[in-house]
Amino acid sequence: MAAEVCDRAHLRAGQLFVVGCSSSEVLGEQIGTHTSVEIAAALYEGIQGELAPRGILLAAQCCEHLNRALVVERSTMEQYRLEQVNAIPQPNHAGGAFATIAYEKMADPVLVESLLAQADAGIDIGQTLIGMHIRPVVVPLRISLDHIGSAVLTCARRRPKYVGGQRAIYDERLM
């Protein structure tokens, strides 16, 4: 799934990929009600296993109790000039299982308030609302999967804004 998004979004090394994940929704329960660290860990390993070899940077979105802050590597925070905030995600309190796993597995994790709409693509597992983190213009990406377990899967990428009006000719590779 992550590989398909990377390929379809034409991502390159150094670009930012955001993931929002409700393990509760994967289990067929309402978001935030049946957190599963095991499901989150399996999803994290699968996603990061595709991103890391490509040099694509992961941002793991926390739940709404942490205002959808994101877990990133310190180097990502510095590269993208993001603002660090002080919280540690917890699976059953604030942050969610996926963000907790990311915080545990990353080499030098930090929590940032926002990506400042700088992500290039992402995966939303269970309608966690990642669109705010992706650069305008955000467009949906239809991939071969539309669910993970019971969770609705929504993928998105950015595309450059169209400029120039009716006379413009656009690069089809960027559309």
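Which residues in H3 meet which residues in H5? Keep that question in mind as you open the model, which is a predicted one, and begin by selecting the two helices.

**First stop: H3 and H5**

Select residues 37-54, which form helix H3, together with residues 97-105, which form helix H5, and you will find that their axes come within 8 Å and cross at roughly 60°. Two packed helices are described by the angle between their axes and the distance between the axes. Angles from 65 to 115 degrees would count as roughly perpendicular and those under 35 as roughly parallel, and H3 and H5 are therefore oblique to each other. If you turn the view until one helix lies in front of the other, the crossing of H3 past H5 is right-handed.

Now show the side chains, and the opening question can be answered: on the H3 side the residues are Val37, Ala40, Ala41, Leu43, Tyr44, Glu45 and Ile47, and they meet Ala97, Phe98, Ile101, Ala102 and Lys105 in H5. Coloured by class, the residues of this contact of H3 with H5 divide into ten nonpolar and two charged, with no polar ones.

**Second stop: H1 and H3**

Keep H3 selected and add residues 2-9, helix H1, whose axis comes within 8 Å of that of H3 and crosses the H3 axis at roughly 40°. H1 and H3 are therefore also oblique to each other. The contact is made by Ala2, Ala3, Cys6 and Asp7 of H1, and by Ile47, Glu50, Leu51 and Arg54 of H3. By class, the contact of H1 with H3 has five nonpolar and three charged residues, and no polar ones. Ile47 deserves a label of its own, since this residue of H3 takes part in the contact with H5 and in the contact with H1.

**Third stop: the two largest pockets**

Rolling a probe the size of a water molecule over the atoms shows where empty space is left. The largest pocket holds about 440 Å³ of space, and to centre your view there you can select Ile31, Gly32, Cys63, Glu64 and Gly96, the closest to its centre of the 24 residues that line it. Returning to H5, you will see that this helix gives the most to the lining of the largest pocket, with three residues. The lining of this pocket is made up of nine nonpolar, 13 polar and two charged residues.

For the second largest pocket, with a volume of about 230 Å³, select Ala9, His10, Arg12, Arg158 and Leu174, which are the closest to its centre among 13 lining residues. Here the lining divides into five nonpolar, two polar and six charged residues.

**Last stop: two details of the backbone**

Most residues other than glycine have a negative phi, and most peptide bonds are trans. Select alanine 117, in the loop between strands S5 and S6, where phi is near 50°, a positive value. Then move to the peptide bond from proline 136 to valine 137, which is cis, with omega near 10°; valine 137 is found in the loop between strands S6 and S7.

Definitions and conventions. Residues are numbered from 1 along each chain as its sequence is written. This is a predicted model: local features need pLDDT of at least 70, side-chain atom pairs count only at pLDDT 80 or more; totals for chains, interfaces and linings use all residues. Side-chain values use heavy atoms; hydrogens and water are left out. Axes are lines fitted to C-alpha atoms, for helices over the stretch in contact, and angles run from 0 to 180 degrees between N-to-C directions. Helices (H or I, at least four residues) and strands (E, at least two) are DSSP runs, numbered from the N terminus. Angles under 35 degrees count as roughly parallel, over 145 as roughly antiparallel, 65 to 115 as roughly perpendicular and the rest as oblique. A crossing is left-handed if the near helix is turned anticlockwise from the far one by less than a right angle, and right-handed if clockwise. Contact means heavy atoms within 4.5 Å. Ala, Val, Leu, Ile, Met, Phe, Trp, Tyr, Cys and Pro count as nonpolar, Asp, Glu, Lys and Arg as charged, and the others, Gly among them, as polar. On a 1 Å grid over the protein atoms alone, a cavity is a set of points where a 1.4 Å probe fits but cannot get out, and a pocket is an open set with protein on both sides within 12 Å along at least five of seven lines; lining residues have an atom within 4 Å of a point. Grid points are joined across faces, edges and corners, and a volume is the space filled by probe spheres set on the points.
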